[in-house]
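Here's a friendly walk through one protein model, from the whole chain down to single residues. Have a look at it first, then read on.

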Amino acid sequence: MQEHAEAVADAGQRHQERQAAAAEHDAAERRLTELYVRAIELVGSDNPAVRLGGLHALERLGQDNPEQRPTIVAVLCAYLRMPAPDDPRETEVRRTAQRMLTRHLRADRDGWWPGIALDLTGARLDDFDAAGCTLVDLDLTGAVCTGTTSFAGAVAHGRLRLTAEFADVVFDDLTGDAEVVLDDARCTGRVSFDRADLDALSCRGASFAEVSFRGATLRQPSSFDRARFAGSATFREAVFLGGLSMEHATFEGYAGFRRTRFADMALFRWTEFGAEAWFEGARFEGAANFGRAVFHGRVGFDGATLARRPLVDQARASASVTHVWPPDVTVGRRDDDWLVLTDP
């Protein structure tokens, strides 16, 4: 009877402890919900200063409650996707929201929130600074990015959808296994991919004012089909390990491929070079095709090495300047203005 009584008492104690724990959990959940609702109410205020306080309240909530971070990031992204009123105070609120997102994406900081994806489709961003961040599935489709957008030194995974409007944008030293998609992007300032080491890059139909890929490495097939380069474009010492396609691309300014390495095929069919095009010291280790390309300025292949005879198939070049062509390229005169290149 004594053992039974002790067992009953022990069971009762455990039941009370479970009830107390459940009550404590329910109270914590209610408190968390109240804090979240209150922060959302502050973010929805008409007063920019109150909205700023609401954003900070959300950030503290996410820092203390990891399970709430995806929801809070989604709220911050939704705020940036909302139409921005023409108010300097609101500009500061939105810049604060940007900084909140990016400071929790830096793996070398104590406040890192791992595994966070950013949906900023259609957002208006000003001086968006993701330098050094770890980016997973960032989506900027339809976004308008003013000032300087920076991904310098970032590590990217998944897919970066960057079909957006940019002023200046920096990808220097960007690394990772992400697929970077700039298809139909519009870049009105300077774009730099210097020393970037990327898995896959697609820039089909993109428009660049000035772009640099100095020392960049592209490991998968890369496409610039139908891309437009309004200013200078330099790929000096870049390495294309998986092939490069620039079919129907337009270079309105200088096009520099000095000491560029093409480890696979290099397609420049129907590409138009509006100014000088330099391939000095370039290495073509696969097929090189310049069929139907048009060269308006000087062309130089001085010191270039080609594993195979390049295909030129009726490419045209200005007859008013001198050119240096690869060996075995047959050059004839079409008329007073144009030279024509033919395959043997």
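Among contacts in the protein chain between residues at least 6 apart in sequence, what percentage join residues at least 24 apart? The answer is 20%. Keep in mind that this is a predicted model, so everything below is computed from predicted coordinates.

**The whole chain**

Let's start with the overall build. The protein chain has four helices and 33 strands. Its C-alpha atoms fill a box of roughly 110 × 55 × 25 Å along the principal axes. The radius of gyration is 28 Å, while a compact globule of 344 residues would have one near 20 Å.

How much of the chain is tucked away? Of the 344 residues, 46% are buried. The accessible surface comes to about 16,300 Å², and carbon and sulfur atoms account for 48% of that. As for charge, there are 40 positive and 53 negative side chains, with the centres of the two sets 4 Å apart.

**An open parallel sheet**

Now zoom in on a sheet. Six strands line up in the order 11-14-18-22-26-30, with parallel pairing, and the sheet is open. Strand 11 (197–198) and strand 30 (305–306) are at the edges with a single partner strand each, so one side of each has no neighbour in the sheet. In general, strands of a sheet pair through backbone hydrogen bonds, either parallel or antiparallel.

Take the end of the sheet where strand 30 sits. Strand 26 (residues 283–284) pairs with strand 30 in the parallel sense, over two bridges. In that pairing, Arg283 stands opposite Thr305 of strand 30.

Just before strand 26 there's a residue worth a stop: Ala282, in the loop between strand 25 (277–278) and strand 26. Is Ala282 buried or exposed? With a relative accessibility of 0%, Ala282 counts as buried, because the cut-off for buried is under 20%. Setting aside neighbours within four places in sequence, Ala282 is in contact with Phe257, Arg259, Thr260, Phe262, Gly303, Ala304 and Thr305. Thr305, the residue opposite Arg283, is thus on the contact list of Ala282 too. The C-alpha atoms of Ala282 and Asp302 are separated by 8.6 Å, and the two residues are 20 apart along the chain.

**Where the strands run antiparallel**

Strand 33 (residues 338–342) has antiparallel partners. Strand 31 (residues 315–318) pairs with strand 33 over four bridges in the antiparallel sense, and here Arg316 stands opposite Val340. Strand 32 (residues 330–333) also runs antiparallel to strand 33, again joined by four bridges; Thr330 has Thr342 as its bridge partner. Strands 32 and 33 are linked by a hairpin through four residues. How many of the five residues of strand 33 are buried? Four are, which leaves the strand mostly covered.

**Two more buried spots**

Leu244 belongs to strand 19 (residues 244–245) and is buried, at 1% relative accessibility. Leu244 touches Ser222, Phe224, Phe262, Met265, Ala266, Leu267 and Phe268, not counting residues up to four places away in sequence. Phe262 appears here and among the contacts of Ala282 as well. Leu244 and Pro221 are 23 residues apart in sequence, and their C-alpha atoms are 5.9 Å apart in space.

For a change from strands, look at Thr96 in helix 4 (residues 88–103). Thr96 is buried, with a relative accessible area of 7%, and touches Leu52 and His56, again leaving out residues up to four places away in sequence.

**Two residues with positive phi**

Most residues other than glycine have a negative phi. Which two residues here go the other way? Arg259 has a phi near 55° and Trp270 one of about 60°. Here they are side by side:

| Residue | Phi | Loop between | Relative accessible area |
|---|---|---|---|
| Arg259 | near 55° | strand 21 (255–256) and strand 22 (261–262) | 42%, partly exposed |
| Trp270 | about 60° | strand 23 (266–267) and strand 24 (272–273) | 42%, partly exposed |

Arg259 also takes us back to the buried Ala282, since Arg259 is one of the residues in contact with Ala282.

Technical notes. Residues are numbered from 1 along each chain as its sequence is written. This is a predicted model: local features need pLDDT of at least 70, side-chain atom pairs count only at pLDDT 80 or more; totals for chains, interfaces and linings use all residues. Side-chain values use heavy atoms; hydrogens and water are left out. Buried means under 20% relative accessible area, exposed over 50%, partly exposed in between (1.4 Å probe, protein chains only). The radius of gyration is taken over C-alpha atoms; the globule rule is 2.2 Å times the number of residues to the power 0.38. Contact means heavy atoms within 4.5 Å. Accessible areas come from the Shrake-Rupley method with a 1.4 Å probe; for residues, only the protein chains shown count as cover. Lys and Arg count as positive and Asp and Glu as negative; His and the chain ends are not counted. The place of a charge is taken as NZ of Lys, CZ of Arg, CG of Asp or CD of Glu. Two strands pair if DSSP finds at least two bridges between them.
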